[in-house]
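Hi everyone, thanks for making the time. I'd like to walk you through a structure that is probably new to most of you, so please have a look at it with me.

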Amino acid sequence: MQELIDRIASSAELTPDTARKALGVVLAFISREAPDGPVKTLLDAIPGSREMLESEGEGGTPNMVGYGSMGAMGTFNELTGMGLSLHQIQTIARETMAYG
């Protein structure tokens with residue numbers, strides 16, 4: 001896990017702490033929104049990912065009426081709310097998928 005966090009921090013020009021938090025948001029989104037088979041494969045390929053999801057909770061922004069998440073837009077808003085640019089978000093997604 002630390003290798004991926006360091007890779008994201010370097011590629012996206014983030015602190016390791018911000019990279020870890022952003023990775024948690026991205027993994028939470030993927031685990032909620034993607035089909036179970038590919039999610040299992042990705043999480044199996046990233047050591048510590050399940051533990052990160054368990055410790056961080058589900059993440060994501062609740063929708064207007066409080067049910068579930070707002071999907072990609074909620075995740076995007078959560079990441080931009082952390083101060084990330086579109087380029088940094090794309091870099092995080094690319095690095096996560098490449099690593100997995």
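Let me begin with a term: a salt bridge here is a side-chain nitrogen of Lys or Arg within 4 Å of a carboxyl oxygen of Asp or Glu. With that cut-off, the structure holds five salt bridges. Please keep in mind that this is a predicted model.

I'll come back to those pairs, but first the overall layout. The chain has six helices and zero strands, so if you read from the N terminus on, the order is simply α-α-α-α-α-α. There are 100 residues, and 35% of them count as buried. About 5600 Å² of the chain is exposed, with carbon and sulfur atoms supplying 56% of that area. And if you take the contacts between residues at least 6 apart in sequence, 63% of them join residues at least 24 apart.

Now to the inside. In soluble globular proteins, nonpolar side chains tend to be buried together. The largest nonpolar core here has 26 residues, and the members that touch the most others are Leu23, Leu27 and Ile92. Which elements give two or more residues to this core? They are α1 (2–12), α2 (16–33), α3 (36–45), α4 (49–56) and α6. The element that gives the most is α2, with eight residues.

Let's zoom in on Ile92. Not counting residues up to four places away in sequence, Ile92 touches Ile8, Ala12, Leu14, Ala22, Val26 and Leu84.

Another residue to find is Thr96, which lies in helix α6. Is Thr96 buried or exposed? Thr96 counts as buried, because its relative accessibility is 0%. Leaving aside neighbours within four places in sequence, the contacts of Thr96 are Leu4, Ile8, Leu23, Val26, Leu27, Leu42 and Ile46.

Leu42 takes us over to α3. The buried residues of that helix are Val39, Leu42 and Leu43. Why do they sit on the same side of α3? Because they cover an arc of only 95° around the axis. Turn to the other side of α3, and you will find Pro38 and Thr41 exposed.

Back to the salt bridges, as promised. My first example is Glu95 with Arg7, where the closest N and O atoms are 2.6 Å apart. This pair links distant parts of the chain, since Glu95 is in helix α6 and Arg7 is in helix α1, 88 residues apart. How covered are the two partners? Glu95 is buried, with a relative accessible area of 17%, while Arg7 counts as partly exposed at 31% relative accessibility.

My next example is Asp17 and Arg20, whose side chains meet at 3.4 Å, N to O. These two are separated by about one helical turn, because they are three residues apart in helix α2. Both are partly exposed: Asp17 has a relative accessible area of 39%, and Arg20 has 27%. Add Lys21 to this pair, and you have a network of salt bridges linking Asp17, Arg20 and Lys21.

One more pair before we move on: the side chains of Arg50 and Asp44 form a salt bridge at 2.9 Å, N to O. Arg50 is partly exposed, at 34% relative accessibility, and so is Asp44, with a relative accessible area of 44%.

Let me finish with two spots on the outside. The first is Glu13, in the loop between α1 and α2. Most residues other than glycine have a negative phi. Glu13 is not a glycine, and yet its phi is positive, at about 55°. With 71% relative accessibility, Glu13 counts as exposed.

The second spot is a nonpolar patch on the surface. Which residues form that patch? Met73, Phe76 and Leu86 do, and together they have about 290 Å² of accessible area. Leu86 belongs to helix α6, which covers residues 86–99. That is the helix we met earlier with Thr96 and with Glu95.

So that's the tour. Thanks for listening, and I'm happy to go back to any part of it.

Notes: Residues numbered from 1 in each chain as written. Predicted model: local features only at pLDDT ≥ 70, side-chain atom pairs only at ≥ 80, totals over all residues. Heavy atoms only, no water. Patch = residues over 30% accessible without salt bridge, like charges linked within 9 Å, V, L, I, M, F, W, Y side chains within 5 Å. Areas by Shrake-Rupley, 256 points an atom, 1.4 Å probe, with all protein chains shown as cover. Helix = DSSP H or I, 4+ residues; strand = E, 2+ residues; numbered from the N terminus. Buried < 20%, exposed > 50% of the residue type's maximum accessible area, 1.4 Å probe, protein only. Contact = heavy atoms within 4.5 Å. Core = buried A, V, L, I, M, F, W, Y, C linked by side-chain atoms within 4.5 Å. Arc of directions from axis to C-beta.
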